[in-house]
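Dear colleague,

Here is the structure that I promised to pass on to you, together with its sequence. Please open both before you read my notes below.

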Amino acid sequence: MKKTMEDRIHEAAKVFAEGNTLTVPSAWKPLKAGNMKLAKSVLIWSIPAGLTCPNAADCVATCYAMKAQRMYPSVRFGRMRRLALAILEQEWLEDRIVEQILTAKTAKAVRIHESGDFWSLDYVEFWCRIARRVLKERAVQFYTYTKMTGFAAQLREAGINVVESVLPDGSINYGPASEITNRARRLGVPVCPVTLGVDAKCGESCRLCWTRRYVAFVQH
Ligand code: SF4
């Protein structure tokens, strides 16, 4: 029988766990606070790009998240370990993520997936439970990006804003500058100012992705 994407991901997680310990230092935090482009008040979750992305062949050549994991073994390792924990130690990880968000008093938002995508219903439900548990206790904006638009309604119902990678005309929300600006204008979709070269700080002066269903991005 042909293996599904979920089968392949579970196998990859098991192989990783056989060769590496999943025991993390006590100070380890599942989410990182900001990066060079994102405000520190945004907590970020990342899993391997490509492996967990549907139709990865369409965008792998220009994917910025793939570049980072190819260039830096520590990035690749960290993403793979988070994925393995999300599969093999899910309850434990859920509690750790909820605890981190609830105790990060300066956190204003959680970005699910700097890299990766929603590859199974079980994984979608994992994030929905986290969002519901956190939102009962404090107001934090959850947001994410996905090509798996079939999961969008369920994620939104749990309080997670979903930026769909497929635009209303069926095209991808990412591409060369002239192509993407024309497409965005025609569809009435905003373009990410950072990718247009505007001096904006993601999560501070721009929060389009926190609330919008469609945002377009210039390839950079
Ligand atoms: S549109 Fe705004 S919130 Fe979205 S990635 Fe660009 S800068 Fe960040």
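What follows is an account of the sheet, two of the helices, one residue in a helix, and the surroundings of the ligand.

Please keep in mind throughout that this is a predicted model.

I begin with the sheet, which is open and has five strands in the order β1-β2-β3-β4-β5, with mixed pairing. Its edge strands are β1 and β5, each of which pairs on one side only. At one end of that order, β1 (residues 32–33) and β2 (residues 42–45) pair in the antiparallel sense over two bridges, and A33 has L43 of β2 as its bridge partner. Strands β2 and β3, by contrast, run parallel and are joined by four bridges; here V42 is partnered by A109 of β3, and L43 by V110 of β3. On the other side of β3, four bridges again make the connection, this time to β4, and these two strands also run parallel; R111 has Y143 in β4 as its bridge partner.

Strand β3 deserves a further word, for in a regular strand the side chains alternate between the two faces of the sheet. In β3 both faces are covered, with A109 and R111 buried on one side and V110 and I112 buried on the other.

Turning to the helices, I looked at the length of α5 (residues 121–137), whose 17 residues should span 24 Å at 1.5 Å a residue; the C-alpha atoms at its ends are 25 Å apart, which agrees. The buried residues of α5 are Y123, V124, W127, I130, A131 and V134. Because these residues cover an arc of only 125 degrees around the axis, they lie on the same side of α5. It may help to recall that an α-helix has 3.6 residues a turn, so residues three or four places apart point the same way. The exposed residues D122 and K136 are carried by the face of α5 that is turned away from its buried side. The cover over the buried residues of α5 includes α3 (73–88), α4 (90–103), β3 (109–112), β4 (141–146), α6 (152–157) and β5 (160–164).

The same check of length can be made for α3, whose 16 residues should span 22 Å at 1.5 Å a residue, and whose end C-alpha atoms are 22 Å apart, in agreement. Its buried residues are R79, M80, R81, R82, L83, A84, L85, A86 and I87, and among the elements that cover them are α1 (5–19), α2 (64–71), α4 and α5.

Within α3 I would single out L83. Why is L83 counted as buried? The reason is that 23 other C-beta atoms lie within 10 Å, where 20 or more are needed for a residue to count as buried. Leaving aside its neighbours within four places in sequence, L83 is in contact with A13, I47, P48 and T52. The C-alpha atoms of L83 and E94, which are eleven residues apart along the chain, are separated by 12 Å.

Finally, which residues are found around the ligand? They are C192, P193, V194, A200, C202, C206, R207, L208, C209 and V215. This shell divides into nine nonpolar residues, no polar ones and one charged residue.

With best wishes

Conventions:
Residues numbered from 1 in each chain as written. Predicted model: local features only at pLDDT ≥ 70, side-chain atom pairs only at ≥ 80, totals over all residues. Near = placed C-beta within 6 Å. Nonpolar A, V, L, I, M, F, W, Y, C, P; charged D, E, K, R; others polar. Expected span 1.5 Å × (residues − 1). Buried ≥ 20, exposed ≤ 12 C-beta atoms within 10 Å, placed from the backbone. Arc of directions from axis to C-beta. Contact = placed C-beta atoms within 7 Å. Pairing = 2+ DSSP bridges.
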